[in-house]
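Biologist: Please put the model on the screen. I will then ask about it piece by piece.

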Amino acid sequence: VSGEGFVEGQGVTWNVTGTVTEVKDSPATNTFTYTPNEGTNADNYTITPEYGTLTITPVTDEVVVTITGGTASVTYNGQPHKVEGWAVKSITQAENEPPYDESNIGFEGKAIAEGTDANTYPMGLTESQFKNNNANFTNVRFVVEDGKLTISKRKVTLTSSDAEKVYDGKPLTKKEVKVSGEGFVEGQGATYDVTGSRTDV
């Protein structure tokens, strides 16, 4: 209350209704209403309300968001494979601050790794693909651990056969090869040239 003020024993009761929660909504007008107290005749006063402003400043302490891309490991089977997506591994920020939520994170681009042949296929995630969409925090740093798809080679063992006979002066050969281990994918394989030969004891 300023100006000439109310006569002693008179005045008003006010109800301040101004409010603001987000940086993006400030400054806001600090509105209020008032009601003359008992024994106060408003006609005896020229009452001029002057509204202040409410301003919220953003959190400037660093917030570190660690992102991990999806990973998958499979064994080669001749079929295409893929892994998609990313997740928030951790959010680190100063104590006693409003929590930074992963819903505040924006993402642009693709989060996918795919391949068919035995190899390692990186997802290719980068920090620049992630954005802070919350104006209440102005110092958000993203740390990205890239995702990947790993297709391992199949383990195949090729074993030539054993053979024996009584000496007859003719070369001993055995052209068979046995496939073991994980084996070849259906429809794939190898052609074998078995060169082992023995004539004498």
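Biologist: Is Lys153 buried or exposed?
Modeller: This is a predicted model, so local features need pLDDT of at least 70 and side-chain atom pairs count only at pLDDT 80 or more, while totals for chains, interfaces and linings use all residues. Residues are numbered from 1 along each chain as its sequence is written, and side-chain values use heavy atoms, with hydrogens and water left out. Buried means under 20% relative accessible area, exposed over 50%, and partly exposed in between (1.4 Å probe, protein chains only). Because its relative accessible area is 67%, Lys153 is exposed.

Biologist: Which residues does Lys153 contact, beyond its neighbours within four places in sequence?
Modeller: Lys153 sits in the loop between strand 14 (148–152) and strand 15 (156–160); strands (E, at least two residues) and helices (H or I, at least four) are DSSP runs, numbered from the N terminus. Its C-alpha atom is 9.1 Å from that of Val74, which is 79 residues away along the chain. Contact means heavy atoms within 4.5 Å. With the neighbours within four places set aside, the contacts of Lys153 are Thr75, Ala118 and Glu182.

Biologist: Is Thr66 buried or exposed?
Modeller: Thr66 belongs to strand 5 (residues 63–69). Not counting residues up to four places away in sequence, it touches Ala87, Val88, Lys89, Ser90, Val143 and Glu145. Its relative accessible area is 12%, so Thr66 is buried.

Biologist: Which elements give two or more residues to the largest nonpolar core?
Modeller: A nonpolar core is a set of buried Ala, Val, Leu, Ile, Met, Phe, Trp, Tyr and Cys residues joined through side-chain atoms within 4.5 Å. The largest has 21 residues, and Val65, Ile67, Tyr100, Ile105, Val140 and Phe142 have the most contacts inside it. The elements asked for are strand 5, strand 13 (140–145) and strand 14.

Biologist: Which residues form the nonpolar surface patch that includes Val1?
Modeller: Val1 lies in the segment before strand 1 (12–16) and counts as exposed because its relative accessibility is 77%. Patches are made of residues with over 30% relative accessible area and no salt bridge (a side-chain nitrogen of Lys or Arg within 4 Å of a carboxyl oxygen of Asp or Glu); like charges are joined within 9 Å, and nonpolar side chains (Val, Leu, Ile, Met, Phe, Trp, Tyr) within 5 Å. The accessible area, from the Shrake-Rupley method with a 1.4 Å probe and with only the protein chains shown as cover for residues, is about 450 Å² for the patch together. The patch is formed by Val1, Trp14, Val16 and Tyr34.

Biologist: What is the omega of the cis peptide bond between Ser26 and Pro27?
Modeller: Pro27 is in the loop between strand 1 and strand 2 (28–30). The cis bond joins it to Ser26, with an omega of about 0°.

Biologist: What is the phi of Asn96?
Modeller: Asn96 is in the loop between strand 8 (86–92) and strand 9 (105–107), and at 82% relative accessibility it counts as exposed. Although Asn96 is not a glycine, its phi is positive, at about 60°.

Biologist: What is the radius of gyration of the chain?
Modeller: The chain has zero helices and 16 strands. The globule rule (2.2 Å times the number of residues to the power 0.38, with the radius taken over C-alpha atoms) gives 17 Å for 201 residues, and the chain is well over that, so it is more spread out than a compact globule. Its C-alpha atoms fill a box of roughly 135 × 30 × 25 Å along the principal axes. The radius of gyration is 39 Å.
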